Structure formats: structure tokens, C-alpha cells
Amino acid sequence: MIDGQKIKIKTVTIYPLRVAVKIEMDATNSKKILDFPDIRLVDQKGEVWSKIKNGTTASKISDREQILYLQSNYFKDPKELYLVFNKLQAVDKDEDYILVDTEKQQILKQPKGDFLSDFKKEGSTLYFNLNTKKEFHYFSSYLD
């Protein structure tokens, strides 16, 4: 449980090229969890198996389930492995959408904080500026 949000780790499967961590978010959670930017496995010696940087980092199974992929240390045989994450991306479920007027190129509704501005539509692509106080290097694993 993180900040009142229940997350179930269903399976952790170690393959030669990657580790698949299947997770499920509880239906009663008040927030929609978007991403786990800092998830990793740590063995008893402190060696880290971190999130994949290049390639597929996650697969969406459903609105509540996904598989996160980590680097594999398949040829190591640790006695203990700990799943660790320090932060995640989440938004209140009733704030998990953006409503825009594509004709007027205006944002009509966005999540609390008004972090999005300067909406533009070019062809079938929508552009927004993300305004944060700190640098923000993360992006949602998937978009609905």
C-alpha cells in the first residue's frame, strides 16, 4: 500500500533478457496509477536490477493490470530479491482526463494544478506544454 493506494504484485518472472513484474491496482483506489518510474529489484548484496531504459518498459493488460519490465540478471542466482519503488505517477480518478476544444485550440478541463498550457493541434497530433517547478523526465506508460 502506498499513500492509501493498494497495489498487488501478482508475479515476478525472470527471463534471460528481462524480468516481468505483473501488478494489479485495487478497484477501490481513489487514484489512477499511471507509472512506476523508479521500480527495481535489489538482491541481498545490493545489486540493482533496474527498469528497462530502451525498448518496451511496460505492457497494459487492463485498466487495473500491467506488466513492468526490468533488466534481467538471469545468470546470477541471488538468495534474496526485494522489489523496491520510491515513487509513482498517479492522478485522482475523477481528474484523469483532459478535455479540449480542437476547433478553438483551448484546454477546457485538465487535472488539478493546471500544469498543461499552450494547446495546439497540428493534423492528428495534439501538443501541450507541461509546466512543472522541477524537471519532469517521465511519461505515462500508456495513454487511453
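Trainee: What percentage of the 144 residues in the protein is buried?
Mentor: First off, this is a predicted model: local features need pLDDT of at least 70, side-chain atom pairs count only at pLDDT 80 or more, and totals for chains, interfaces and linings use all residues. Residues are numbered from 1 along each chain as its sequence is written, and side-chain values use heavy atoms, with hydrogens and water left out. Buried means under 20% relative accessible area, exposed over 50%, and partly exposed in between (1.4 Å probe, protein chains only). Of the 144 residues in the protein, the buried share is 29%.

Trainee: How many strands does the secondary structure of the protein hold?
Mentor: Elements here are DSSP runs numbered from the N terminus, with helices (H or I) needing at least four residues and strands (E) at least two. The protein has zero helices, and from the N terminus on its elements run β-β-β-β-β-β-β-β-β-β-β-β-β. The strand count is 13.

Trainee: In S2, which residue is the bridge partner of Ile9?
Mentor: Start with S1 and strand S2 (residues 18–25), which pair in the antiparallel sense over seven bridges; strands pair if DSSP finds at least two bridges between them. A hairpin of three residues takes the chain from S1 to S2. Across that pairing, Ile9 meets Ile23.

Trainee: Is Val12 buried, exposed or partly exposed?
Mentor: Val12 belongs to strand S1. Because its relative accessibility is 39%, Val12 is classed as partly exposed.

Trainee: Which residue forms a salt bridge with Glu24 at 2.8 Å?
Mentor: A salt bridge puts a side-chain nitrogen of Lys or Arg within 4 Å of a carboxyl oxygen of Asp or Glu, and the structure holds 11 of them. One of these joins strand S2, where Glu24 sits, to the loop between strand S6 (58–60) and strand S7 (65–71), 40 residues apart. Glu24 counts as buried because its relative accessibility is 17%, while its partner is partly exposed at 34%. That partner, 2.8 Å away from N to O, is Arg64.

Trainee: Which residue forms a salt bridge with Lys51?
Mentor: Lys51 lies in the loop between strand S5 (48–50) and S6 and its partner in strand S3, so the pair ties together parts 16 residues apart in sequence. Both residues are buried. At 2.9 Å between the closest N and O atoms, the partner is Asp35.

Trainee: What is the angle between the planes of Phe36 and Phe85?
Mentor: Rings of Phe, Tyr and Trp (its six-membered ring) pair if their centres lie within 6.5 Å; planes under 30 degrees apart count as stacked, over 60 as edge-to-face and the rest as tilted. The whole structure gives two aromatic pairs. The rings of Phe36 and Phe85 are 5.3 Å apart centre to centre and edge-to-face, with a plane angle of 85°.

Trainee: And is Phe36 buried or exposed?
Mentor: Phe36 is in the loop between strand S3 (31–35) and strand S4 (40–43), 49 residues from Phe85. Phe85 has 21% relative accessibility, so Phe85 counts as partly exposed. Phe36 has just 1%, so Phe36 counts as buried.

Trainee: The charged end of Arg18 sits over the ring of which residue?
Mentor: A charge sits over a ring if NZ of Lys or CZ of Arg is within 6 Å of the ring centre and within 35 degrees of the ring normal. Lys109 does this over the ring of Tyr97, 5.3 Å from its centre. For Arg18, at 3.9 Å from the ring centre, the residue underneath is Tyr69.
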